[in-house]
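Please look over the sequence and the structure shown here before reading the notes beneath them. The briefing is meant for a reader who is meeting this chain for the first time.

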Amino acid sequence: NLLGFMLGNLLGFILGNLLGFIEGNLLGFMLGSLLGSMEGNLLGSLLGNLLGFIEGNLLGSMLGSLLGSMEGTLLGSLLGNLLGFIEGNLLGFMLGSLLG
């Protein structure tokens, strides 16, 4: 009885430890993988969003500057021509009137 009890306890202890160790490792591995995957996805998403936001702003700013510059030049040229035309006509009219 004593030997059986000791042997049973020892065998139960070894088997329990082994199963507990395997189960603990497996559960820890699964949990670690899941958390790592979620954290990796979240970090990747945040980083992707941040980079996309910065890149979008930078590209938008460059494109806006380029379009603004082109539009400003075109508008300035048209406005300058119009004002020059009006001013030239007015000055020519006044000068013609004075000389005439």
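The points below move from the chain as a whole to particular residues.

This is a predicted model, and its chain contains one helix and zero strands. The radius of gyration of the chain is 42 Å, whereas a compact globule of 100 residues would have one near 13 Å.

**Overall form and surface**

- Along the principal axes of the chain, the C-alpha trace spans about 140 × 10 × 10 Å.
- Of the 100 residues in the chain, 0% count as buried, a class that is reserved for residues under 20% relative accessible area.
- The accessible surface of the chain amounts to about 9,000 Å², and carbon and sulfur atoms account for 77% of that surface.

**Phe13**

- Phe13 has its place in helix α1, which covers residues 2–99.
- Phe13 counts as exposed because its relative accessibility is 53%, and the cut-off for that class is over 50%.
- Between Phe13 and Gly28, which lie 15 residues apart along the chain, the C-alpha atoms are separated by 21 Å.

**Ile54 and the nonpolar patch**

- Ile54 is also placed in helix α1, and with a relative accessible area of 46% this residue is partly exposed, since that class lies between the 20% and 50% cut-offs.
- Together with Leu47, Leu50, Leu51 and Phe53, Ile54 makes a nonpolar surface patch of about 510 Å².

Methods:
Residues numbered from 1 in each chain as written. Predicted model: local features only at pLDDT ≥ 70, side-chain atom pairs only at ≥ 80, totals over all residues. Heavy atoms only, no water. Helix = DSSP H or I, 4+ residues; strand = E, 2+ residues; numbered from the N terminus. Buried < 20%, exposed > 50% of the residue type's maximum accessible area, 1.4 Å probe, protein only. Patch = residues over 30% accessible without salt bridge, like charges linked within 9 Å, V, L, I, M, F, W, Y side chains within 5 Å. Areas by Shrake-Rupley, 256 points an atom, 1.4 Å probe, with all protein chains shown as cover. Salt bridge = Lys/Arg side-chain N within 4 Å of Asp/Glu carboxyl O. Rg over C-alpha atoms; globule rule 2.2 N^0.38 Å.
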